[in-house]
Amino acid sequence: MIIQILQIIAAIATVLTGLISLFKPESITGFTGLRPEGGRGITEIRSILGGLFIVLGVFPLVVNSPVAYMMLGVTYLGIGLVRAVSMFVDKSVVQSNVISLVVEIVFGIILVISL
């Protein structure tokens, strides 16, 4: 039961991340390092960090399937793997990247656990 609650919280947090990116794309600059330059940059943040994250989080909540939660978890683990490698390759071991990596690993593990 606790795992299911944590999975729902992770999905909702994913949606909230997407909503912030969709409606306030300029607000993510400080945390992500991404700077929306012109209409194209803002559209990219709104569509990928906004739209994609909203759909990734809403889908498991709507279909209420362990496989959907697992897919969200695999997505987080994939993002975390690439981030971990990139942090060293790009010499970007900074607080915001470490926080993101920890969240991605924790959410990933919680979401792939199926009971």
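In the predicted model, 30% of the 115 residues of the chain count as buried. The accessible surface of the chain comes to about 7100 Å², and carbon and sulfur atoms account for 75% of this area. The C-alpha trace spans about 45 × 30 × 15 Å along its principal axes. The radius of gyration is 15 Å, which agrees with the value near 13 Å that a compact globule of 115 residues would have.

The secondary structure consists of five helices and zero strands, so that the order of elements from the N terminus reads α-α-α-α-α. Among contacts in the chain with a separation of 6 or more, 63% are between residues 24 or more positions apart.

The largest nonpolar core contains eight residues, namely A10, A11, F53, Y69, L72, Y76, F107 and L111. At least two residues of this core are supplied by each of α1 (2-23), α4 (66-89) and α5 (95-112). Helix α4 provides the largest share, three residues. Within the core, A10 touches F107 and L111, when residues up to four places away in sequence are not counted. In soluble globular proteins, nonpolar side chains tend to be buried together.

Helix α5 also holds S100. The relative accessibility of S100 is 11%, and S100 therefore counts as buried, the limit being under 20%. With residues up to four places away in sequence again left out, the contacts of S100 are F31 and R83.

On the surface, a nonpolar patch is formed by I8, I12, L16, L19, F23, V58, F59, L61, V62 and V63. Together these residues have about 860 Å² of accessible area. Helices α1 and α3 (38-63) each supply at least two residues of the patch. Helix α1 thus contributes at least two residues to the largest nonpolar core and at least two to the nonpolar patch. One of the patch residues, L16, is found in helix α1. The relative accessible area of L16 is 46%, and L16 is classed as partly exposed because this value lies between the limits of 20% and 50%. S100, by contrast, is buried at 11%.

How values were computed. Residues numbered from 1 in each chain as written. Predicted model: local features only at pLDDT ≥ 70, side-chain atom pairs only at ≥ 80, totals over all residues. Heavy atoms only, no water. Core = buried A, V, L, I, M, F, W, Y, C linked by side-chain atoms within 4.5 Å. Buried < 20%, exposed > 50% of the residue type's maximum accessible area, 1.4 Å probe, protein only. Helix = DSSP H or I, 4+ residues; strand = E, 2+ residues; numbered from the N terminus. Contact = heavy atoms within 4.5 Å. Patch = residues over 30% accessible without salt bridge, like charges linked within 9 Å, V, L, I, M, F, W, Y side chains within 5 Å. Areas by Shrake-Rupley, 256 points an atom, 1.4 Å probe, with all protein chains shown as cover. Salt bridge = Lys/Arg side-chain N within 4 Å of Asp/Glu carboxyl O. Rg over C-alpha atoms; globule rule 2.2 N^0.38 Å.
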